[in-house]
Amino acid sequence: MSLPSGVISRHVQTNRLQFHLLERGTQHQGEPVVLVHGNVSSGRFFDELLAALPSQYYGIAPDLRGYGHSETKAIDASRGVRDWSDDLHSLFDTLRLEKIHLLGWSLGGGVVMQYAIDHPGRVKSLTLMAPVSPY
C-alpha cells in the first residue's frame with residue numbers, strides 16, 4: 001500500500017534500536033509533532049493525519065519497538081512502558097529534537113505520558129487519544 005503524498009518512510013538507527021518512522025516535512029523547518037500509535041498497530045495508523053499537518057509542523061510517526069518495521073527487542077515488563085519511552089528519548093536525541101508536541105493513542109498514550117513524566121522540559125504539548133489506563 002502506498003503512502004499519502006508528502007509522507008515518506010525511513011529507518012533511523014539510535015543507540016537503543018533501529019526505528020522505522022513515517023515522516024512529513026523536514027526536522028529543521030517546523031515544530032516537531034510526534035504521533036505514537038497504540039497496541040497491535042504502527043505509525044501507519046497516522047499516515048493520513050501526517051499528510052494533513054500544516055506546513056509549519058515536522059511530523060513523525062515512529063513504529064514502537066516490536067511493531068511495524070522497527071527492530072524487535074524484548075520488553076522488560078517490570079518497567080511498565082519505560083522501555084518504549086526510553087526508546088523515544090533515544091530517537092529524539094538522534095534526530096536532535098528538543099521541544100516536542102506529543103500525541104499518543106491507546107498504548108501510545110501511556111508511552112507519551114511516561115515520556116512527559118521523565119522529560120517534562122522536552123514536551124511542548126501532550127495530547128491523549130483514548131489512552132491506556134494509568135492503573
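**Entry 1: the sheet**

I began with the sheet of this predicted model, and I found an open sheet of 6 strands with mixed pairing, in which the order is S1-S2-S4-S3-S5-S6. Which strands stand at the edges? I noted S1 and strand S6 (123-129) there, and because each has a single partner strand, one side of each is left without a neighbour in the sheet. I also looked up the angle between neighbouring strands, which are turned by 25 degrees against each other on average, with direction ignored.

**Entry 2: two pairs of strands**

I then followed the first pair, where strand S1 (residues 8-13) and S2 run antiparallel and are joined by 6 bridges. S1 and S2 form a hairpin, and I found 4 residues between them. When I looked for the residue that stands opposite Ser9, I came to Leu22 in S2.

At the other side of my list I had S5 and S6, which pair over 6 bridges in the parallel sense. Here I wrote down that Leu102 has Leu126 in S6 opposite to it.

**Entry 3: helices on the sheet**

I turned next to the helices, beginning with H2, which packs on the sheet and touches S1, S2, S3, S4 and S5. The direction of H2 makes about 60 degrees with that of S2. H3, by contrast, lies across S3, S5 and S6, and I noted that H3 runs at about 145 degrees to S5.

I checked the length of H3 as well: this helix has 12 residues and reaches 17 Å from its first C-alpha to its last, which is close to the 16 Å expected at 1.5 Å a residue. Is H3 mostly covered or mostly open? I found that H3 is mostly covered, since 9 of its 12 residues are buried, and among them are Leu107, Gly108, Val111 and Tyr115. I looked up what covers these buried residues, and the answer includes S3, H2, S5 and S6.

**Entry 4: the nonpolar cores**

I reminded myself that in soluble globular proteins nonpolar side chains tend to be buried together. With that in mind I looked at the largest nonpolar core, which has 25 residues, and I noted that Ile60, Leu64, Leu91, Phe92, Leu95 and Leu102 touch the most other members. Which elements give two or more residues to this core? I listed strand S2 (18-24), strand S3 (31-36), strand S4 (57-62), helix H2 (82-95), strand S5 (100-105) and helix H3 (107-118). A second, separate core has 9 residues, and I found Val7, Leu22, Leu53 and Ala61 included in this second core.

I took Leu91 as my example and, leaving aside its neighbours within four places in sequence, I found Leu91 in contact with Val12, Thr14, Phe19, Leu21, Ile60 and Pro62.

**Entry 5: Arg65**

I looked for Arg65 and found this residue in the loop between S4 and H2. Is Arg65 buried or exposed? Its relative accessible area is 7%, and because buried means under 20%, I counted Arg65 as buried. I then followed its side chain, which reaches the backbone oxygen of Ala74 at 2.7 Å. Not counting residues up to four places away in sequence, I found that Arg65 touches Arg16, Leu17, Glu71, Lys73, Ala74, Ile75, Asp83, Trp84 and Asp87.

**Entry 6: His89**

My next residue was His89, which is found in helix H2. What does His89 touch, if residues up to four places away in sequence are not counted? I found Tyr115, His119 and Arg122, and with Tyr115 I noted a polar contact of 3.1 Å that joins the two side chains. I also looked up His89 and Arg44, which are 45 residues apart in sequence and, from C-alpha to C-alpha, 20 Å apart in space.

**Entry 7: two positive phi values**

Last, I looked up two residues with a positive phi. Arg96 has a positive phi of about 60 degrees although it is not a glycine, and I located Arg96 in the loop between H2 and S5. At 67% relative accessibility, Arg96 counts as exposed. For Ala130, a residue other than glycine, I noted a positive phi near 45 degrees. Where does Ala130 lie? I found Ala130 in the segment after S6, and at 60% relative accessibility Ala130 counts as exposed.

Note on methods
Residues are numbered from 1 along each chain as its sequence is written. This is a predicted model: local features need pLDDT of at least 70, side-chain atom pairs count only at pLDDT 80 or more; totals for chains, interfaces and linings use all residues. Side-chain values use heavy atoms; hydrogens and water are left out. A nonpolar core is a set of buried Ala, Val, Leu, Ile, Met, Phe, Trp, Tyr and Cys residues joined through side-chain atoms within 4.5 Å. Buried means under 20% relative accessible area, exposed over 50%, partly exposed in between (1.4 Å probe, protein chains only). Contact means heavy atoms within 4.5 Å. Two strands pair if DSSP finds at least two bridges between them. Axes are lines fitted to C-alpha atoms, for helices over the stretch in contact, and angles run from 0 to 180 degrees between N-to-C directions. A polar contact is a pair of N or O atoms within 3.5 Å; within protein, one must be able to donate a hydrogen and the other to accept it, and residues adjacent in sequence count only if both atoms are side-chain atoms. The expected span of a helix is 1.5 Å times one less than its number of residues.
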